[in-house]
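I opened the file to make notes on fold, cores, ligand shell and backbone geometry. The entries below follow the order in which I looked things up.

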Amino acid sequence: MGVGFSIPEAVNGSPQPETDLRAPTYHEDIASIILDNCSSCHHPKGGAPFDLMSYKDVRRRGRQIVQVTQERYMPPWKAEPGFGEFEGARVLEKESLALIEAWVKGGMKEGNPEKSPEIPKYESGWRLGKPDLVVQMKEPYLIPAEGPELYERFVIPLDLEKDQYIKAAEFRPTSPQGVHHVFIMRTNKSRQKGGDGLGFEGELLEGWTPGAITRFLPEGVSKQILKGDYLVLRSHLKPSGKAEYEQSQIGLYFGDAPKRVLTGMRLHNNSMDIPAGDNNYVVSDSLVVPADSDAIGIAAHCHYLGREVRATATFPDGSSKWLLLIKDWDFNWQEHFRYKEPVYLPKGTRIDMTIVFDNSGKNPQNPFNPPRRVRYGGTSTDEMAIMYVEVLLKNESDFPEFKNLLIEGKRKRKEEVRRKREKLKKEMQEKANKKD
Ligand code: HEC
């Protein structure tokens, strides 16, 4: 932070007496902001389209940087501050915004390079550092330039010498533009139905969506993988206008056996039928927490029409708390949020999910122009409404209750699909009758 430099005056552009004013310089005032908040993505392997590592890099884009930081478009962070406290929140302080602006207005002075903070090294290309084990799809898969979206499964052997516990599984696509999302599953021979490893039942290790940033599980928490296990990637790929090869890599990070049981609760509603032009179509779901637990993370999923995402916990005593609020949902920045401190959810707490869709022509993300009626479906131009709350159990013996909750959720969704099919059938019949 600048010394003897008065921010408000400089921002207003009203010159102050020379005596107490020093124009901010890159190395003394700006480098630390950029290196701490931007370079983790804006480096050669970081996924952003250009680097922000050096004075030259930053000077070249000075004005644009003022704009994107003021608009809070960068650094990307969708959770509304004050509605749940998350680890690694990427939110610039007001002082930093003002400093950047003042630096650009002041002519983007370089200053003394000796005063620059150390430039971080991102040699391994992995966000979490060098993994303990890196595996890769056996062969590159060609995503054509055009055509329908593709759903593929790729089997990747792990060849573990012994059972392991993992703290994180980081996914690295070779063509981020061509990957819509990926579920990293673990499975083994005993669960395999077909000989090719594809007819399997597996367990979700990690999901990847654009903009997702993998984090380590908290202290004392890990997931087990067994000797003989292999990974199956359930990949949803999308032609990007340019033919590209995808040969995803996964980096695994090992740790110790867990001290507490980790599981998840899923909210889901696939009954949506959003009329063309409707800018405020609301979908919701709720569940009741079956036993005492601590929420450690939350993720939401919808596609391009999603505008606002809300999650709350209402406790047995009637009080309530925000679990997540996103006012400006962006399909490209779907984050798996981890709470700074676990949120205690006593048995009987109600979790509510609300997702608001905007299917009007005013939604810049709307894939259709003019807007069309949109329903639930797996393609990106269909919609979804899902939320996943990661929880640690207070008592291991409560695990079956959480498992039942997932099974019950699945049953409910199947029922929804059945009702929806009936409704559609009726609609088609009515149409046919009209023609007669
Ligand atoms: C989590 C990763 C990430 C972080 C952190 C990040 N960026 Fe970006 N940035 C991206 C990606 C990816 C793009 C390209 C896609 C887009 O424009 O949304 C981008 C685009 C940009 C653009 C171009 C915007 C445009 O309209 O073309 C600017 C300027 C930018 N970033 C500046 C910054 C600055 C300044 C910071 C830090 C204050 C920052 N970014 C932090 C990932 C990141």
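**Entry 1: helix 5.** I take the expected span of a helix as 1.5 Å times one less than its number of residues. Helix 5 has 12 residues and should therefore span 16 Å; I find its end C-alpha atoms 17 Å apart, which agrees. I note that the model is predicted, and I kept to local features with pLDDT of at least 70. Next I looked up which residues of helix 5 are buried: they are S96, L99, I100, E101, A102, W103 and V104. After the helix comes G107, and its phi is positive, near 95°.

**Entry 2: overall form.** I counted secondary structure for the whole protein and got six helices and 20 strands. The radius of gyration is 24 Å, and the globule rule gives 22 Å for 436 residues; the two are close, so the protein is as compact as a globular protein of that length. The C-alpha trace spans about 80 × 65 × 55 Å along its principal axes. Of the 436 residues, 30% count as buried. I also checked sequence separation in contacts: of those between residues at least 6 apart, 81% join residues at least 24 apart.

**Entry 3: helix 2.** Is helix 2 (residues 26-37) enclosed or open? Nine of its 12 residues are buried, so I recorded the helix as largely enclosed by the rest of the structure. The buried ones are Y26, E28, D29, I30, A31, I33, I34, L35 and N37. I then looked for what covers these buried residues, and the cover includes helix 3 (55-60) and helix 5 (94-105).

**Entry 4: nonpolar cores.** In soluble globular proteins, nonpolar side chains tend to be buried together. I looked for such groups here. The largest nonpolar core has 38 residues, and A295, I298, L324, I351 and I355 have the most contacts inside it. Strands supply two or more residues each to this core, among them strand 11 (262-268), strand 13 (281-288), strand 14 (293-301) and strand 20 (386-393). The biggest contribution is from strand 18, with five residues. I listed the contacts of I351, leaving aside neighbours within four places in sequence: M265, L267, S286, L287, V289, A311, A313 and V389. Another core lies apart from the largest one; it has 22 residues, including I166, A168, L217 and L237.

**Entry 5: T312.** I picked out T312, which lies in strand 15. It has 18 other C-beta atoms within 10 Å; the cut-off for buried is 20 or more, so T312 is partly exposed. Its contacts beyond four places in sequence are S320, K321, W322, L323 and D352. I also took one long distance: the C-alpha atoms of T312 and Q164 are separated by 35 Å, with the two positions 148 residues apart along the chain.

**Entry 6: ligand shell.** How many residues surround the ligand? I find 19, and the closest are C38, C41, A48, M74 and P75. By class, the shell divides into 11 nonpolar, six polar and two charged residues. Helix 4 (residues 62-70) gives the most to this shell, with four residues.

**Entry 7: backbone exceptions.** Most residues other than glycine have a negative phi, and most peptide bonds are trans. I looked up departures from both.

- The peptide bond from M74 to P75 is cis, with omega near -10°. I place P75 in the loop between helix 4 and helix 5.
- N369 and P370 are also joined by a cis peptide bond, with omega about 0°. P370 is in the loop between strand 18 and strand 19 (374-375).
- R72 is not a glycine, yet its phi is positive, about 60°. R72 lies in the loop between helix 4 and helix 5. It has 16 other C-beta atoms within 10 Å and is partly exposed.
- M108 is another residue other than glycine with a positive phi, near 50°. I find M108 in the loop between helix 5 and strand 1 (133-136). With 18 C-beta neighbours inside 10 Å, M108 counts as partly exposed.

Definitions and conventions: Residues are numbered from 1 along each chain as its sequence is written. A nonpolar core is a set of buried Ala, Val, Leu, Ile, Met, Phe, Trp, Tyr and Cys residues joined through C-beta atoms within 7 Å. Two residues are in contact if their C-beta atoms, placed from the backbone, lie within 7 Å. A residue is near a molecule or strand if its C-beta atom, placed from the backbone, lies within 6 Å of it. Ala, Val, Leu, Ile, Met, Phe, Trp, Tyr, Cys and Pro count as nonpolar, Asp, Glu, Lys and Arg as charged, and the others, Gly among them, as polar. The radius of gyration is taken over C-alpha atoms; the globule rule is 2.2 Å times the number of residues to the power 0.38.
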